[in-house]
Amino acid sequence: TFGSQDRNLFLLTDVAYIFFSIACFLAIGTRRHFTPQLTVQVTADIGFIVLLMVASGGVSSGLGLLLLTTLAGAGLISRGQLTLFFAALASIAVLLEHTYEVLAYDAPIALYAQAGLLSAAYFAVAWLAHAPAQHTLASEALAARRKIDLANLEQVNALVIRDMQDGVLVVDGRGVI
């Protein structure tokens, strides 16, 4: 069960995580320093979830799976820039957490395989979140180029109409003026 190894640490971490989440929610409105703010939030998520894992018996608690959604969301929001860094950070944290469990509580060494698979899943999710983020960046670049092309076309049309000696009559396919 959650908090089975250290109930006080689990409850303290839960409360701190809630207050940190509220503070981050209030700070989202500023959006002045997006990348540092995202880095702090994801790093804190990793830290809080690893502390919850320590309090709940380690990798076998299943709490490490919560980081998959954090990494996927960060990958989509950051447009893939820091996603692999976050995956590496989460992997190192989970492997260090299991090392602590082995040294402090004589946890089975065989669970390193589970920690390794979880770390591989972090990188897989980060890489999968990177692909749509790159597509979004390409779409934004195309939209920016189209905006420039449209502005140039508007300027050409304005010059043609301004310098035209005769009038212009526009007729649709049915002959309506």
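1. A helpful term to start with: a crossing of two helices is left-handed if the near helix is turned anticlockwise from the far one by less than a right angle, and right-handed if clockwise. By that rule, α3 and α5 cross in a right-handed way.

2. Before you read on, note that this is a predicted model, where local features need pLDDT of at least 70, side-chain atom pairs count only at pLDDT 80 or more, and totals for chains, interfaces and linings use all residues. Residues are numbered from 1 along each chain as its sequence is written, and side-chain values use heavy atoms, with hydrogens and water left out.

3. Look at helix α3 (residues 66–77) beside helix α5 (residues 111–162): their axes are 8 Å apart, at an angle of about 25 degrees. That makes the pair roughly parallel (the word covers angles under 35 degrees). Contact means heavy atoms within 4.5 Å; α3 brings residues including Leu67, Leu71 and Gly75, and α5 brings Tyr122, Val125 and Pro132 among them.

4. How long is helix α4 (residues 83–105) from end to end? Its end C-alpha atoms are 32 Å apart, which agrees with the 33 Å that its 23 residues should span at 1.5 Å a residue.

5. Several α4 residues are buried, among them Phe86, Val94 and His98 (buried means under 20% relative accessible area). Their cover includes α2 (34–56), α3 and α5.

6. Do look at aspartate 106, in the loop between α4 and α5. Aspartate 106 has a positive phi of about 55 degrees although it is not a glycine. At 68% relative accessibility, aspartate 106 counts as exposed, a label for values over 50%.

Definitions and conventions. Axes fitted to C-alpha atoms, helices over the stretch in contact; angles between N-to-C directions. Helix = DSSP H or I, 4+ residues; strand = E, 2+ residues; numbered from the N terminus. Parallel < 35°, antiparallel > 145°, perpendicular 65-115°, else oblique. Expected span 1.5 Å × (residues − 1). Buried < 20%, exposed > 50% of the residue type's maximum accessible area, 1.4 Å probe, protein only.
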